[in-house]
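Please open the structure in your viewer and keep the selection tool at hand, since the tour moves from one selection to the next.

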Amino acid sequence: MSQNTCCQIWADTQKELDVMLQREREEFQEPQEDAEEAMKMLATAYVQYLAILRKLDEAHAPLIHQQKRAAVRQALDGVMGRILEIKGEMVALEKCECHSMAAVLKELQRVPEVVTAMTLEEAIRVIQVAERARQGRARAAFMRRIYLEEKRQSRTQEQQTKSPDEAATCIQKVWRGHRQRKETERLREEEMIFLGMSLPPELEVMISLQKTNVLEGEFQERADYSFVHELRAAEGPHIKETFQEEITQCFLECRHVTGRFPDYPLEKAGGSKAIIVEKHPEEIVEELAAKKAQAEAQKNEKDKKKKEAKEPAPEKKPEVEKPVVDEGWKMAPSNFLSMLEEGSSQYQVFWENRDNKADFLQDHDPELIRAGERGEVVEEIRVQVDVVMQEKLLRVKEAVDGETGPGQVKAVKEKVSKAAVKKKVSELEKDLTPGRSIDSLYQQLAEERLLIQVKNVNLSDYMGYYDCLGTLLRETGAQPMPSIPEVRQLVALYGILPLGSQTVHENAPLVKSLLLAGPAGVGKKMLVHAICTEAGANLFSLTPSNTVNYSGKEGLIMLLHMILKVGKELQPSVVWIGDTERIYSKGATKGEDEVNFKRLARLLPQFLRTLKPKDRVLLVGTTRRPFDANVGPFCKLYQKIILISKPDYLTRFALWKHYILQGGGTLTKLLNLNCLAHMSDGYTQGHVVEVVHAVLTELRLLQMARKPLRTIEFVTSLARHDPVYNEEEAAFQAWYGKTPLGKAWLAEHATDEEGKGKRKKRKGKGKGKGKGKGKGKK
């Protein structure tokens with residue numbers, strides 16, 4: 001994709017984003033009394049923001065211009081964060097992670113999967129390309145047949161003219177000559193390396209890479225230094241003079257109001273930032289008067305209460321309950337709208353009217369660099385001005401007020417020290433390995449299999465289709481379970497997007513822990529590796545066998561401390577606990593390993609409290625028997641719970657087709673995928689993969705040409721596995737109904753059913769009265 005095309009996509013998407021921001025200002029500020037209307041509004045915004053996100057990502061990937069990439073990245077982070085905020089509002093409204101988007105998608109004329117419609121010219125071009133490719137393949141096959149026929153004839157003639165000994169001698173001559181030339185070339189290179197006249201190939205590559213990195217670093221440092229030096233020389237004196245005038249004016253205003261010069265703020269409090277305020281002296285006097293009036297009002301109220309306590313209390317009249325007015329739903333404040341509006345204004349100023357065709361070299365914009373470096377120069381000058389003005393203030397206070405030093409500095413220091421003493425430091429926040437480097441801790445965790453290698457699996461590899469029956473089941477009142485595309489979406493929202501962006505992780509609704517629950521073989525472990533692959537995260541694994549070397553409470557604290565220290569330093573990171581229900585299991589523990597593993601139950605909440613918004617560390621648990629654990633503490637540990645069910649018919653059909661072709665098999669009329677999809681009802685994705693690998697062995701692939709694959713081969717192998725029975729699936733749904741979100745769903749729909757029943761009874765009573773009156777008249 002060309003740079004002009006990327007800029008055009010960015011421009012079109014920015015216009016759509018501006019329309020969305022204007023709509024949010026108009027619609028989302030007003031409260032909505034109807035929950036259905038609020039949900040429709042949120043779902044519409046959610047779908048439109050998703051489309052904007054895809055377009056921004058399409059424009060961001062091929063961009064070369066670094067400043068443009070930074071601007072598009074800012075818009076990307078803002079849109080991702082806004083999507084997460086809207087998702088949180090939707091979950092709070094519907095008490096469910098799965099939402100029915102059919103009506104919204106139909107109104108917006110979109111489909112669940114992204115499909116772009118072709119124009120007539122594009123369709124003709126595709127047909128022409130396909131036809132030319134077909135003709136080319138036919139001609140290539142025809143020429144190949146001619147070539148093979150000529151080669152066969154030439155071999156026949158050679159066999160008639162030459163004996164086998166002569167042919168063998170010819171082959172030997174060619175091979176020995178080739179081998180001798182290679183050996184001579186190798187010896188010459190070794191001699192040149194030995195004499196010091198050339199370097200080994202690997203060293204040449206490393207030196208060239210180092211030179212490239214050094215040159216790039218030097219160029220960047222020189223560019224930054226030149227711009228900073230230019231700013232410091234051009235604007236430094238003016239900035240310094242402005243700071244001094246503002247601080248002096250602030251001191252004079254404070255002396256005029258309070259009668260004395262104030263103490264200079266400490267560096268921890270921000271220095272001159274804490275006293276430079278854009279207020280007039282009249283505003284300061286008004287604030288002081290308001291505080292004085294408030295203090296007098298509080299004093300009068302206390303005196304009144306004392307008098308009332310002395311006098312006998314009069315008889316109280318029964319208070320009439322005031323009706324509670326429900327204002328309806330209103331959108332919560334956003335942390336990302338200001339970011340999006342700032343990016344939109346920046347785009348209009350710098351990039352909207354820029355001629356991208358003339359910018360062939362994709363060169364940087366000096367004014368943008370100056371604007372970015374100006375803050376650093378201003379902060380540097382402010383620190384210098386603070387030192388000078390602090391000394392000047394001490395001399396003025398000594399000469400005018402007779403004060404020899406700051407009066408309140410000691411009191412502030414004492415308050416800070418007392419606050420520091422009162423604050424308790426968690427055991428996991430202490431540095432238990434002060435003399436160890438991150439590399440040594442990383443090596444130890446890797447050797448003990450606590451830090452494992454991530455499998456290269458993308459989220460798109462988790463195949464599946466939308467469940468078309470979900471909307472119908474929702475109308476009957478059944479609790480909706482996420483289909484596979486919805487599972488992919490939830491994993492992306494709660495796992496991949498926050499881990500992939502520091503801005504999103506710090507400002508979006510914070511999710512520290514995620515639970516993937518489902519039968520064995522539905523792809524929970526695959527999703528964990530997909531999170532790490534997509535976000536580029538490290539993967540720490542906690543299992544009973546890995547925690548053997550860290551027995552007891554102190555050992556587990558050391559283990560979690562090491563994982564936290566390495567995970568925060570090399571973030572993003574994922575801490576995975578497989579079979580996590582064993583930590584909170586109901587039954588008695590068996591063996592020391594299980595006892596030690598259950599000790600984690602008391603430390604994991606402390607582990608999560610240690611994580612701050614700036615730490616891109618996610619705790620992910622997987623379980624295939626969540627109903628074996630105590631529901632209360634188990635659900636408190638994990639903020640988000642995703643229930644993964646067995647695949648439906650369309651997904652099973654796609655799985656059979658994909659893995660058979662991937663394993664080297666060939667689809668023929670003897671292999672009925674429709675029959676396999678029906679026969680594998682109740683089986684999981686893992687069962688399909690195991691069956692395909694068991695059937696498509698190396699020997700079977702060699703026999704493929706004369707013995708095509710048959711349906712019975714896969715059915716026979718599938719019969720050796722146990723499916724997911726309906727009782728187990730019902731147990732999962734019953735357990736999910738005991739989770740906080742499941743309880744909220746059931747409680748809300750129970751009240752709805754009660755309301756419907758009362759309305760039906762009222763209608764029935766009304767009809768009965770009408771009938772009786774009619775009979776009496778007759």
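**First stop: cysteines**

Begin by selecting Cys96, which counts as buried because its relative accessibility is 6%, in what is a predicted model. With Cys96 still highlighted, add Cys98 and display the sulfur atoms: the cysteine sulfur closest to that of Cys96 belongs to Cys98, and the two are 4.7 Å apart, which is too far for a bond. The cut-off for a disulfide is a pair of cysteine sulfur atoms within 2.5 Å, and a search of the whole structure finds zero disulfides. Next select Cys532, which also counts as buried, because its relative accessibility is 2%.

**Second stop: a contact across the chain**

Now select Ala744, which you will find in helix 27, the helix that covers residues 740-777. Ala744 is described as partly exposed because its relative accessible area is 23%, a value that lies between the limits of under 20% for buried and over 50% for exposed. Keep Ala744 on display and add Lys95: although these two residues are 649 residues apart along the chain, their C-alpha atoms are separated by 5.9 Å.

**Third stop: a charged patch**

Finally, select Glu33, Asp34, Glu36 and Glu37 together, and look at the surface, where these residues gather in a patch of negative charge. Within this group, centre the view on Glu36, which is found in helix 2, spanning residues 35-60. Is Glu36 buried or exposed? Glu36 counts as exposed, because its relative accessibility is 65%.

Note on methods. Residues numbered from 1 in each chain as written. Predicted model: local features only at pLDDT ≥ 70, side-chain atom pairs only at ≥ 80, totals over all residues. Heavy atoms only, no water. Patch = residues over 30% accessible without salt bridge, like charges linked within 9 Å, V, L, I, M, F, W, Y side chains within 5 Å. Areas by Shrake-Rupley, 256 points an atom, 1.4 Å probe, with all protein chains shown as cover. Salt bridge = Lys/Arg side-chain N within 4 Å of Asp/Glu carboxyl O. Lys, Arg positive; Asp, Glu negative; His and termini not counted. Charge placed at Lys NZ, Arg CZ, Asp CG, Glu CD. Helix = DSSP H or I, 4+ residues; strand = E, 2+ residues; numbered from the N terminus. Buried < 20%, exposed > 50% of the residue type's maximum accessible area, 1.4 Å probe, protein only.
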